[in-house]
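Visitor: I'd like a close look at one small spot in this model, and then a walk outwards from there. Here is what we'll be looking at.

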Amino acid sequence: TFDFQAVGLIFVGLCRVGAWGCFDEFNRLEERILSAVSQQIQTIQLGLKALAELAGPGGGKKGGKKRSGGGVGVEVDLVGKRVQLNADMAIFITMNPGYAGRSNLPDNLKQLFRDMAMTTPDRQLIAQVMLFSQGFRDAERLAQKIVPFFTLCAEQLSAQPHYDFGLRALKSVLTSAGGLKRERIRQRKAAALAALAADG
């Protein structure tokens with residue numbers, strides 16, 4: 001299970017090394033865990049704000065704890081550990097609010113992040129590239145058939161928990177088609193070699 005302690009340990013690592021962390025489908029966590037995680041994120045953000053104020057425009061002459069490298073440092077408490085905060089660290093999250101099995105973000109957690117809208121990917125272009133990579137020469141024509149088919153299925157068929165006509169399902173179908181194509185080529189080559197051996 002992935003609890004707030006596990007998330008907190010990841011935050012500790014990000015704070016220490018100054019890395020950026022992107023948590024995909026963050027709202028898969030349970031609401032009670034999200035609420036606890038929001039406290040950790042708020043602690044980090046307050047620390048980053050204090051670090052920016054200490055550094056100031058002059059590059060850290062307002063006081064504060066000195067790091068070994070000579071810069072100004074701020075420490076934060078995370079999961080019972082005192083952690084030196086690196087100013088380069090950042091936390092990002094992605095979420096799919098409309099999917100089943102996802103939690104709603106608590107209001108205190110929503111306020112800690114800036115919303116960013118994302119556009120729908122061009123499925124036709126993705127299908128073309130995937131078909132080309134799987135060895136199909138007529139990828140444009142095939143993509144013009146398979147993508148509208150998936151779109152019609154999503155629009156016309158009734159909603160069922162076992163139906164999935166999203167990008168992941170499309171990718172799986174195209175990958176399987178490439179596998180079938182390669183298997184047929186292998187069988188043809190094996191048949192041709194067998195025929196040559198019989199003739200010889």
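Visitor: What relative accessible area does V79 have, and how does that class it?

Guide: V79 has a relative accessible area of 24%, which means that V79 counts as partly exposed. The cut-offs are under 20% for buried and over 50% for exposed, with partly exposed in between (1.4 Å probe, protein chains only). Before going on, keep in mind that this is a predicted model, where local features need pLDDT of at least 70 and side-chain atom pairs count only at pLDDT 80 or more, while totals for chains, interfaces and linings use all residues. Residues are numbered from 1 along each chain as its sequence is written, and side-chain values use heavy atoms, with hydrogens and water left out.

Back to the spot itself. V79 sits in the loop between strand 3 and strand 4. (Helices are DSSP runs of H or I with at least four residues, strands are E runs of at least two, and both are numbered from the N terminus.) Its phi is the odd bit: V79 isn't a glycine, yet the angle is positive, near 40 degrees. Most residues other than glycine have a negative phi. E25 pulls the same kind of trick, with a positive phi of about 50 degrees although it is not a glycine. E25 belongs to the loop between strand 1 (20–23) and helix 2, and at 7% relative accessibility E25 counts as buried.

Now to what lies around those loops. Strand 3 (72–78) and strand 4 (81–85) each give at least two residues to the largest nonpolar core, as do helix 1, helix 2 and strand 5 (90–93). A nonpolar core here is a set of buried Ala, Val, Leu, Ile, Met, Phe, Trp, Tyr and Cys residues joined through side-chain atoms within 4.5 Å. That largest core has 24 residues, and among those with the most contacts inside it are F11, F26, I41, I44 and L78. Leaving aside neighbours within four places in sequence, I44 touches F11, C15, L78, L85, M89 and I91, where contact means heavy atoms within 4.5 Å. Apart from this core there is another, of twelve residues, including A127, F136, I146 and A169.

Helix 1 (residues 4–17) and helix 2 (residues 31–55) also pack on each other, at about 20 degrees with axes 9 Å apart. Axes are lines fitted to C-alpha atoms, for helices over the stretch in contact, and angles run from 0 to 180 degrees between N-to-C directions. That makes the pair roughly parallel, a label for angles under 35 degrees (over 145 is roughly antiparallel, 65 to 115 roughly perpendicular, the rest oblique). F4, V7, G8, F11 and C15 of helix 1 meet I33, A36, V37, Q40, I41 and I44 of helix 2.

Zooming out, the protein chain has six helices and five strands, in the order α-β-α-β-β-β-β-α-α-α-α. Of its 200 residues, 30% count as buried. Among contacts between residues at least 6 apart in sequence, 63% join residues at least 24 apart.
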